[in-house]
Amino acid sequence: MSQSTRVYIFDTTLRDGEQSPGCSMTVSEKLRLAHKLTELGVDTLEAGFPIASEGDWEAVQAVSREFRDVQVAALARANKLDIERAASALQPAKDPRIHTFIATSDIHLKYKLKKSRQQVLEEAAAAVRLARQYADDVEFSAEDATRTDWDYLEQVCHAVVEAGARCVNLPDTVGFSVPTEYAELIRRMVKALGPEVILSVHCHDDLGLAVANSIAAVEAGARQIECTINGIGERAGNCSLEEVVMAMRVRQDRLPYQTAIVPEHIYATSRLLSSTITFGPQPNKAIVGDNAFAHEAGIHQDGYLKEKSTYEIIDPKSVGVPEAKLVLGKHSGRHALKQRCEDLGYPLTNDELNLVYKKFTELADTKKGLTNDEIAGVVRRTVERLALAAANK
Ligand code: KIV
Ligand code: ZN
């Protein structure tokens, strides 16, 4: 049977993202972001971990009450107290999902949980059964799945599906997996669980492989990706929503999958998150970084100005970036400077351009890049000097 190519985007910016250093958010900040994430088109919004704090419970409740067109999820460990707390916060939700989890790797069982494999398997199934009393849609996550024995993991997956889980998530909790290995694991579990169960992936970026692992998993049959805006999350962060979505969009020839994300909202969502938490994406971050669409080298600028596709694979406007930001610096060529001067309202003659270019390179040698105001200043001073020289002849 051919599998659907629709991939669900489960956004965990407000939960996994929020629980990382410098990222905590108030209820009203979460509501503001939830509004933007809904506009962006995420399928599921994980709004918090209600047992963790009063604020998290309130945030999940407020998001559930105010956002009726998106599925709202709440996280709960595999125990009665957590599940009941999540269920109560989700009560106003139109389409609630309880997301319950327990670790399954031997490392976590031995050192963290101090439980046997059989105990964990039984607790996982019992948690899902209990959660199903409160919500039709229950997701189960096998924390540290990628370091779990695969035969045991398969037993746990079968047990939670039998108990009523609709979605099974196999997180790469510590960002340890590599794409070929993760794909193999996902292919095996998709085959074992059959088409009724949505297999989900949740990749951390400790080795910088979160996006690559998520894509490999989708190719192997996963149909839900858990991700965050700007890739925020525990330690090195999570799979970045904007990167994974745009990879699938730009490379439809290789990755023929669809999401409901409206890419034009990506940049504004990223900006809103950056202004809410204590940091933004690094300048060279794909899609949303300050330099993501900046071309400084003269050869690049020249090619770009002749035909954008020479150096640009995404139209910045398609992800909501206001304009391609051509940084003019010491590597920039005459062609780029002429174009920028025209854009700033100064069409230059060849003589003017020669002199402006000379002054510009002298100044650019001393700085990291020139702003539009600085370039306009160079042009005005040079044109005035030329006019004065002409008048004195
Ligand atoms: O990284 C992880 O394993 C998690 C789970 C709770 C899904 O965040
Ligand atoms: Zn996580």
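## Contacts with ligand 1

Start with Asp16: an N or O atom in its side chain sits 3.0 Å from an oxygen atom of ligand 1. Keep in mind that this is a predicted model. Arg15 joins in too, with a polar side-chain atom 3.0 Å from an oxygen atom of the ligand. His202 adds another such pair, its polar side-chain atom lying 3.1 Å from a ligand oxygen atom. On its own, ligand 1 would expose 260 Å², and the protein buries 93% of that.

## Who else is around the ligand

Asp16, Arg15 and His202 have company. The residues surrounding ligand 1 also include His99, Phe101, Ser141 and Glu143, along with Asn169, Pro171, Thr173 and His204. Sorted by class, this shell holds six polar, three charged and two nonpolar residues.

Where do at least two residues of the shell come from a single helix or strand? Helix H1 (13–17) is one such place, and strands S4 (96–103) and S5 (137–143) do it as well.

## Strand S4 and its partners

Since S4 helps line the ligand's surroundings, let's take a look at how it is placed. Is S4 mostly covered or mostly uncovered? Mostly covered: seven of its eight residues are buried.

On one pairing, S4 runs parallel to strand S3 (residues 71–77), with six bridges joining them. Within that pairing, Ala74 stands opposite Ile98 of S4. To get a picture of the connection, follow S3, then helix H4 (residues 80–89), then S4: together they make a right-handed β-α-β unit. S4 also runs parallel to S5, this time with seven bridges. Here Ile102 has Ala142 in S5 as its bridge partner.

## Strand S8 and its partners

Now for strand S8, residues 224–227, which has both faces covered. Gln224 and Glu226 are buried on one side, while Ile225 and Cys227 are buried on the other.

S8 pairs in the parallel sense with strand S1 (residues 8–11) over four bridges. In that pairing, Ile9 is found opposite Ile225. S8 is also parallel to strand S7 (residues 198–202), joined by three bridges. And here's a familiar face: His202, one of the residues around ligand 1, has Glu226 of S8 as its bridge partner. Between S7 and S8 the chain passes through helix H9 (residues 210–219), giving a right-handed β-α-β crossover.

How values were computed: Residues numbered from 1 in each chain as written. Chains lettered and ligands numbered in written order. Predicted model: local features only at pLDDT ≥ 70, side-chain atom pairs only at ≥ 80, totals over all residues. Heavy atoms only, no water. Near = heavy atom within 4 Å. Polar contact = N/O pair within 3.5 Å; in protein donor to acceptor, adjacent residues only side chain to side chain. Areas by Shrake-Rupley, 256 points an atom, 1.4 Å probe, with all protein chains shown as cover. Nonpolar A, V, L, I, M, F, W, Y, C, P; charged D, E, K, R; others polar. Buried < 20%, exposed > 50% of the residue type's maximum accessible area, 1.4 Å probe, protein only. Pairing = 2+ DSSP bridges. Right-handed = clockwise from strand over helix to strand, strands pointing away.
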